[in-house]
Amino acid sequence: MQQNAILKTLALIVFAALSVVFTVQIFSSSGNVLGSSFRYLTPLAAFVGLMIPRFAFYLLLFSGAYLDLIKRFMILDSRFSDIDLAFLLGFAPALVAGMVLKFVVDVIMKSPNVTKRDLLLFGATTFLCVGLGGVQLIMAGGLRGIGNGVNMVAYLYMPLLVPRIFRNLAEIKSLLRATVLIYLPAALWAIQQAHFGLANFEMQYLLSGMTIEIRQLDEEVFRNMGTMVSAHALSMVSSILAMALLLPVSWKDGKITSKAWFNPLRILCAVLFMAGAYYTFSRTGWACAIVALLAFICLQSRALTYTAFFTALVAVTTLYLSADYLLESRTMVNAQDILFEKFGTSAEMRQMMVLGTLDARLDSMASFATDPKLWTPFGLAAAGSNHQVDWIHDILTETLVMIGYIPLSIFLICFLGGTLIAFGKLFKMPKGPHRLLTTYFAALGIGLMSGGFSQGAMILYFPINFFWCMFLGVAYSIFIWNKDQAPEIAEAIPEQPLAPPQRRSMNRFGNAVPHH
């Protein structure tokens, strides 16, 4: 005990000394103050992830909402560089790297908390990360390619990390509550932007070249993005959090019940998230929320789930095959003209009802079905093709361009097969709180992932990828807790660790009874 106290004291002294040195160096340097700060904060983030993984996870949540806001403040000091941006954008992945390193250390130290299931999941995730990250590096190259690749794959580790960081349902409830509280100001800032306009530093940021969101200035109505990286990101996150609050799931009872709607604070937060999503004037978020609702309904029934799954496959296939016809018949443009004539009385309504942009998605889908130049074994970059692909918007065509039809085919077979296996395991769970909450979080993750059909690989970029990975990670956590006989849903003992499986014996009636 005395030795541990001495080590903690020495660590505190070293940390304080380094903090003084770093502070003096930051404020005495000729570079950007915020940028220079993150040259130290980003490596520190990895250390925090290693030593305090739960605190790092909450920092990760905070980063998704406000890291871009910090980037906007950098414009107040004109002395910034690509290196400054790289360290700033590397902050969130560094947190994940620290948490993953903690798992690796546990493996090396032969911790009893590491199971064969964890090792298998870690190996599969690492293989996927190396593949996707390598493709992104080949496609983009340089510092930007490395950054994009890391940000694309880092959060795929969430199913491995979430059940190791959060140990029971009470802690998951606290996580969801914290998520709402952290992201609510981001939605409120979008409402403020809609009514009072952009702050001066935000306009300078848009004009600085540090973001592609300068394109929003060409829109008839500016798509407000709050504190987040883009209007689409805010729309998707706000809409899915609104749906998370509106789904009639009672955490107290672990049941579907209308009592969940009797909480006025819960409904108020949902309304504010919906308002934030509305002022982005992006429809993707609303579509994600609707898909999440439908997924939640379907996942309550085996028959509904499989019917919806195969219906969706047929619908997506039909859409890709008929995309060329829909383009030639000007279906979306004609529908837009009708909507404008009947409801387009204001610029905001016209912005919400623009359907002509869907033609870009249809064009991308039609190319998938008809353009042989896109069909290379391992992607356009590996084939040495300079075929222009700036117009691609859907994730299937974008993936084909990135990795080629051979890896894409393997991925689709594994994805569809894995989904069917997951459904099978889900419906083997006994009906009750665990199964309900598993479907609840799985539906939220599915809703966000569905955004890939209109936004392409955007669902693979932070913070959207973090959110759907987190939701699926929580669903996986509850599933394995149920499988391993996790504690009951009761909140009376929030810090209760996972209960080990109980030994059972047979009573005189031939029924299994647990030992107490």
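Is R266 buried or exposed? Some notes on that and a few other things.

1. To take the question straight away: R266 counts as buried, because its relative accessibility is 15% and the cut-off for buried is under 20%. Bear in mind that this is a predicted model, so treat what follows as a reading of a prediction.

2. As for where R266 sits, look in helix α12, which covers residues 264-278. Leaving aside residues up to four places away in sequence, R266 touches A244, L245, L247, V249 and A260. If you want a partner from further along the chain, try V180: 86 residues separate R266 and V180 in sequence, yet their C-alpha atoms are 9.7 Å apart in space.

3. Now for a residue with the opposite label. K483 is exposed, because its relative accessible area is 54% and exposed means over 50%. You'll find K483 in helix α23, residues 464-483.

4. Stay with K483 for a moment, since the surface charge deserves a look. K483 gathers with R302, K425 and K428 in a patch of positive charge on the surface.

5. Stepping back to the whole chain, the protein has 23 helices and four strands. Of its 516 residues, 44% count as buried. Take the contacts between residues at least 6 apart in sequence: 74% of them join residues at least 24 apart.

6. Last, the outside. The accessible surface of the protein is about 26000 Å², and carbon and sulfur atoms account for 69% of it.

Notes: Residues numbered from 1 in each chain as written. Predicted model: local features only at pLDDT ≥ 70, side-chain atom pairs only at ≥ 80, totals over all residues. Heavy atoms only, no water. Patch = residues over 30% accessible without salt bridge, like charges linked within 9 Å, V, L, I, M, F, W, Y side chains within 5 Å. Areas by Shrake-Rupley, 256 points an atom, 1.4 Å probe, with all protein chains shown as cover. Salt bridge = Lys/Arg side-chain N within 4 Å of Asp/Glu carboxyl O. Lys, Arg positive; Asp, Glu negative; His and termini not counted. Charge placed at Lys NZ, Arg CZ, Asp CG, Glu CD. Helix = DSSP H or I, 4+ residues; strand = E, 2+ residues; numbered from the N terminus. Buried < 20%, exposed > 50% of the residue type's maximum accessible area, 1.4 Å probe, protein only. Contact = heavy atoms within 4.5 Å.
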